[in-house]
Structure formats: C-alpha cells, structure tokens
Amino acid sequence: MTEQPPVNVSKTAIKPAQATDIPSLERLLSSAPGQVLAGAVGRSRLAATLRQLLDEARAQAVAGTLPAAALEHDALLSRAQSQLDAQDQPRLRAVYNLTGTVLHTNLGRALLPEAAIQAVVQALSSPANLEFDLNTGRRGDRDDLIEELLCELTGAEAATVVNNNAAAVLLMLNALANRREVVVSRGELVEIGGAFRIPDIMQRAGARLAEIGTTNRTHPADYENAVGPRTAMLMKVHCSNYAVTGFTRNVSVAQVANIAHSHGLPAAVDLGSGTLVDLTLWGLPREVTVRETIEAGADIVTFSGDKLLGGPQAGLIVGRADLIRKIKKNPLKRALRVGKLTLAALEPVLALYRAPELLADRLTTLRLLARPAAHMRQQARRLQQVLQQAVGKDYEVQASPMFSQIGSGALPVDQLPSHGLIVRHIGTGGSGRALQKLESNLRQLPRPIIGRIAQDALWLDLRCLEESDEPAFTQQLQEYVA
Ligand SMILES: *Cc1c(COP(=O)(O)O)cnc(C)c1O
C-alpha cells in the first residue's frame, strides 16, 4: 500500500479512497499499534472487528464515499478500539438514585454496609467453610452460619434462608401446606411488584387458598369458621404496598395465632419487609418487628433480606424448630438455596443489629433513611449552582423541600421529609418534551443520574447522595453540557 499523505478532511477537499487502497488485515495486525492493541484485547477479537471495518470501508470505497484518511492505520485501529470499548461497557452500572425511593427495587434495593462488602470480597477470593464444620471436620449445613444470629435477633427457635422472600413463601407453603388449605383474609391477598401474587404463589406451592372476610373487613369468626379437616395453617400477609383505611377491621397476629393454636394448627406471617428493630428510635414510622411477630404467637415468619433489613437479596424464614426442620427437608429448599456471597454478606449485616446504638451509623440503608432533612437542605444549596450550570439557561434549578419514601413496599403511606433539586423548563417550546430530554440526558451520563418527573418538573431527591459521593457527582456535572 502506498503511503497516504495527511489529509485535510474539510468539506471542500475530501480525497476519495479506492478499493485498492484498503490495507490488508495482516498488515494492520502486525503494525506496532496493532500489536499493542491485540495485546490488550486479544488478537482474534481485534481481527474480527477490523475485518468488519475493512468490509465496510470496501463498500464505501466502491461507492466513492470513503475519504482516504479513513484508511490510515491509526484511524482504523482507533475505530476498532472505540467499538471494542463500547462493547466492554458493563451492562450493570452504578447509578445515582435520586428518585427519592431509598429501597428502589429497580435500582437494586439495599446498599450493603462496609463490613458486608469486605466479607463478600473475602468469600469471592478464598475458599470458605460454607458447608464444612470446622469443629468436627465433617460436612456442615450452610444455614448454620447465620441461624444462631437470626434466632438471637428474633427470638425464634430456628431459622433458614433462601434466595428471596418470594422463594421463602413458596417453600414454606409447599413444605407445610401441600394439598391442603391455607386460610388468608381477602384484604391481604396482595400483589407485590414483579408478578408476585399471593394466590398464584399459593397455587404453585400446591396449597389451596381459603379466602375469608371481605376486602376491608375480616373478623376473628371468619378465621374460626374457615377451619376444617383440610386446613394446614392460618396465614397473614403484610399489606406491603397499599393501605386499607376507613371502615376496616383486621385481625391481629396474636388473635390469628390463638385461633390457629386452639385447632392445633400453625400460624404463618409473611412480613415482607420485616425489620429487626423499632424504627421509631430514628424518627421513622413504626413497623412491627420480627421479634414482636414471633412473641405474638406466629409459628413461622418470612421476610426479605434486602428491604428494611438492609442486607443482600435473601428470604429469611424463622420460627418453630419442628416446622423449620420440615422446611429444610423439602427438595425445593435445595433449588432455592442461597450462595456463599449471600451468606457472606448476610452475617455481618445481622451482626450489626447486636449494637442498635451504632446501627444508624453503620447500616447503610438505615443511615439513608434516618438522614436529617437539614443535611439534604445544605446539600441542595451546594449543588443548585452546579446543576444550574450543567443544564443551561433553558431550565431553572431550585432547591426545595420534598418527601422521600422507604420503598419496596415498606410503609407505603409514610413519607420522609427530605430536600432536593427541582428542575423546570423555562425556555421556549414544549416543556414536557424538554424535561424528558433532560431526564434522558442525565440517564446517559457515565454514571447515570436517575430522578423522577412529576408536576411538570424533574425532581432530584438528595437523600441517597451521601456526602462522600458529592465530589464525584459534582465533577461529572461540571463536565456535562446540556
Ligand atoms: C416484598 C415482599 C415479598 C417478596 O419479597 P422478595 O424478597 O422481593 O422476593 C413477599 N411478600 C411481601 C409481603 C413483600 O412485601
């Protein structure tokens, strides 16, 4: 191939390339920069990308639309590199959650505390006694790693853990109520986001649902009257993501457990979020704890690991030893079991609950939920100018009070006072489209910023932007041009 002179690719003087000018793949790969790039990305992968680029170049050259400069080695290799870089961008990326929903299911729910992160890294990189009893040198049970801690924190006799709370409910029902009836109040036949519906899970578990009461009112007598020879258990489900208010009546766990026990049956409670501490200690809305539920007489309680508990995705099942034993013997337990990363993360998270005074400092989820609005207010003042600069004069950025939510179905009607930035369109043209454009631009950033559009404005709640995140957040905005 002849050496190409440097080309000035201005509109007036484009020198078109000929198909015969196309360099050979071998020459590109064996050039000095080609060898460097092959060393970084792998020779066969680079060859495949270059082959495709050369094919495209050939077609363009034949059509007479290829500038000669595009055939320079450096130009071709740098195009190959940017294609490969784009391919290598991870699909799962860190984002800024400024939605105002702390436990956002679509954004991965709870963030793990530092101790859990360290434990996961350790479990990833070294062998561990996952199912190996270090005292006897024999095979162990992976549940043993966290069972004692869970019992200590909940007052339960025994515990086990599976992939998530949906799995916990499925397994519990299949193990304890297969081909028998489970009595549930109509007001508690909930659908949780992501196609988890109590009646469907019940069916898949092989249990028959015996619905009682009405949507708004269920009485103790409804439970009494539903018990028959085929009844396996009475079950209560936490109304995670909605509230029934007005003319309502709901039977307490203690009452349901009493009725169940008087017939020799167990009472199960799907608590959903399931917290281990009294959240009012941090000024948060009240949520019944797992311990209180056990003390009220529940024989089995299921709850999530990555909602209010603040740990990894998991489904925790605690309760009576004989029932837990049955659950652990069920073949589904093996199919739904957790991996070592989950257990590695779960143990230090649970251990934090031994020192409640330190919890709001160390447990990331609680720290975010308990953040005083004054912190977010100061932050909003600091960031208002930065964001205003970034979005330009067609938008107006204001610091403003707003409300965050806990999320993931926890306490759906309670709202946490927060502060953040509200962006309104003030330029000409449709404000709806301009806002969507802005929202989309923020989503396309290297670390996407996720807010929410409401009332003709983009809302960015700062609760989940901790002060340690602020420098990187600011820097990204300063590099960003609307
Ligand atoms: C969230 C929730 C579930 C599902 O829990 P996952 O951990 O998401 O599987 C089940 N039941 C209730 C009441 C819930 O709130």
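Is Y96 buried or exposed, and what is the relative accessible area of Y96? Y96 is buried, at a relative accessible area of 5%, where buried means under 20% relative accessible area, exposed means over 50% and partly exposed lies in between, as computed with a 1.4 Å probe on protein chains only.

## Basis of the report

This is a predicted model, in which local features need pLDDT of at least 70 and side-chain atom pairs count only at pLDDT 80 or more, while totals for chains, interfaces and linings use all residues. Residues are numbered from 1 along each chain as its sequence is written, and side-chain values use heavy atoms, with hydrogens and water left out.

## The aromatic pair and charges over rings

The structure holds one aromatic pair, a term for rings of Phe, Tyr and Trp (its six-membered ring) whose centres lie within 6.5 Å, with planes under 30 degrees apart counted as stacked, over 60 as edge-to-face and the rest as tilted. The partners are Y96 and F473, which meet edge-to-face at 4.9 Å centre to centre, with 90 degrees between the planes. Because Y96 lies in strand 1 (residues 96–97) and F473 in helix 19 (residues 470–479), the pair ties together parts that are 377 residues apart in sequence. Helices (H or I, at least four residues) and strands (E, at least two) are DSSP runs, numbered from the N terminus. F473 also counts as buried, at 3% relative accessibility.

Y96 takes part in a further arrangement, in that the charged end of R447 sits over the ring of Y96, 4.1 Å from its centre. A charge sits over a ring if NZ of Lys or CZ of Arg is within 6 Å of the ring centre and within 35 degrees of the ring normal. Elsewhere in the chain, R217 lies over the face of F247, at 3.8 Å from the ring centre.

## Helix 7

Helix 7 comprises 13 residues (165–177), and since each residue is taken to add 1.5 Å, the helix should span 18 Å, which agrees with the 17 Å between its end C-alpha atoms; the expected span is 1.5 Å times one less than the number of residues. Helix 7 is mostly covered, with twelve of its 13 residues buried, among them N165, L170, M172 and A177.

At the start of helix 7, a side-chain oxygen of N164 reaches to within 3.4 Å of the backbone nitrogen of A166. Just after helix 7, R179 takes a positive phi of about 65 degrees. A residue of helix 7, A175, is separated from K329 by 154 residues in sequence and by 8.3 Å in space, C-alpha to C-alpha. K329 is found in helix 12 (residues 321–329) and is exposed, with a relative accessible area of 68%.

## The ligand and its shell

The ligand is surrounded by R109, N164, N165, A166, I192, F196, H238, S240, D270, G272, S304 and K307, a residue being near a molecule or strand if one of its heavy atoms lies within 4 Å of it. Helix 7 and strand 8 (267–272) each supply at least two residues of this shell. Oxygen atoms of the ligand lie 2.9 Å from a polar side-chain atom of R109, 2.6 Å from one of S304 and 2.8 Å from one of K307. Taken alone the ligand exposes 380 Å², of which the protein buries 95%; accessible areas come from the Shrake-Rupley method with a 1.4 Å probe, and for residues only the protein chains shown count as cover.

R109 is placed in the loop between strand 1 and helix 5 (114–125) and counts as buried, at 18% relative accessibility. Its side chain makes polar contacts with the side chains of T105, at 3.1 Å, and S408, at 3.0 Å. A polar contact is a pair of N or O atoms within 3.5 Å; within protein, one must be able to donate a hydrogen and the other to accept it, and residues adjacent in sequence count only if both atoms are side-chain atoms. Although R109 is not a glycine, it has a positive phi of about 55 degrees.

## Strand 14 and the loop after it

R452 is found in strand 14 (residues 452–454) and counts as partly exposed, at 29% relative accessibility. The C-alpha atoms of R452 and M376 are separated by 17 Å, with the two residues 76 apart along the chain.

Q455 is found in the loop between strand 14 and strand 15 (457–461). Q455 is exposed, with a relative accessible area of 67%, and has a positive phi near 50 degrees, in a residue other than glycine.
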